[in-house]
Amino acid sequence: MKKIEAIIKPFKLDEVREALSEVGVAGLTVTEVKGFGRQKGHTELYRGAEYVVDFLPKIKIELVVAEETVETAIEAIIKAARTGKIGDGKIFVMPVEQIVRIRTGETNESAI
């Protein structure tokens, strides 16, 4: 099993969720986050004064999938989240040692 974390632009969330649903991903967790990469933020004008916004709003999606689903899920995220512009985001893949469904006590593959 693998955990996939994807950082994407907020307006791409619905497209990514639909793409993951189409490839059979049953559940995911979404968190509103802030950060920056190569974008380094941007400047804005407020009441005539310029100020720097260092951290940009992003969405972090977390999901756990079976080994054989990892590449399909990654491809779905890339296809749905890509705009071709800087700041499209990143995907991180990590191993998962154990899963336990709290309600039923199911473990690992049956708990996904």
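**From one polar contact to the core**

The side chain of Glu62 makes a polar contact with the side chain of Lys3, at 2.9 Å. The model in which this contact appears is a predicted one. Glu62 is part of strand β5. Is Glu62 buried or exposed? Its relative accessibility is 18%, so Glu62 counts as buried, the cut-off for buried being under 20%. Leaving aside residues up to four places away in sequence, Glu62 touches Lys3, Ile4, Glu5, Leu28, Thr29 and Thr31.

Next come the strands. Strand β1 covers residues 2-8 and strand β5 covers residues 56-65; the two pair in the antiparallel sense, over seven bridges. In this pairing Lys2 stands opposite Val65 of β5. Strand β1 also has bridges to strand β6, residues 90-95. How many bridges join β1 to β6? There are six, and these two strands run antiparallel. Here Lys3 stands opposite Met94 of β6. Lys3 can therefore be found in two ways: by its place opposite Met94, and by the polar contact of its side chain with that of Glu62.

Ile4 leads from the strands to the interior. Not counting residues up to four places away in sequence, Ile4 touches Ile61, Glu62, Leu63 and Val65, then Val70, Ala73, Ile74 and Ile77, and also Ile91, Phe92 and Val93. Ile4 is also one of the residues with the most contacts inside the largest nonpolar core, along with Ile8, Val16, Leu20, Leu63 and Ile77. This core has 18 residues. Which elements give two or more residues to it? They are β1, α1 (13-22), β5 and α2 (70-81). The helix α2 gives the most, with seven residues.

Helix α2 can be checked for length. With 12 residues at 1.5 Å a residue, α2 should span 16 Å, and its end C-alpha atoms are 16 Å apart, which agrees. The buried residues of α2 are Val70, Ala73, Ile74, Ala76, Ile77, Ala80 and Ala81. Why do they lie on the same side of α2? They cover an arc of only 160° around the axis, and this puts them on the same side. On the other side of the helix, Glu71, Glu75 and Lys79 are exposed. The buried residues of α2 pack against β1, α1, β5 and β6.

Ala81 gives a closer view of this packing. It is found in helix α2, and it counts as buried because its relative accessibility is 6%. Along the chain, Ala81 and Ile8 are 73 residues apart, while their C-alpha atoms are separated by 6.5 Å. Ile8 is also among the residues that Ala81 touches, the others being Lys12, Val16 and Asp88, when residues up to four places away in sequence are not counted. Ile8 and Val16 were both named above among the residues with the most contacts inside the core.

The last stop is a loop residue. Gly27 has its place in the loop between α1 and β2 (29-35). Gly27 has a relative accessible area of 42%, so it is partly exposed. In sequence, Gly27 and Ile102 are 75 residues apart; in space, their C-alpha atoms are 15 Å apart.

How values were computed:
Residues are numbered from 1 along each chain as its sequence is written. This is a predicted model: local features need pLDDT of at least 70, side-chain atom pairs count only at pLDDT 80 or more; totals for chains, interfaces and linings use all residues. Side-chain values use heavy atoms; hydrogens and water are left out. Two strands pair if DSSP finds at least two bridges between them. Helices (H or I, at least four residues) and strands (E, at least two) are DSSP runs, numbered from the N terminus. A nonpolar core is a set of buried Ala, Val, Leu, Ile, Met, Phe, Trp, Tyr and Cys residues joined through side-chain atoms within 4.5 Å. Buried means under 20% relative accessible area, exposed over 50%, partly exposed in between (1.4 Å probe, protein chains only). Contact means heavy atoms within 4.5 Å. The expected span of a helix is 1.5 Å times one less than its number of residues. The arc is that of the directions from the helix axis to the C-beta atoms. A polar contact is a pair of N or O atoms within 3.5 Å; within protein, one must be able to donate a hydrogen and the other to accept it, and residues adjacent in sequence count only if both atoms are side-chain atoms.
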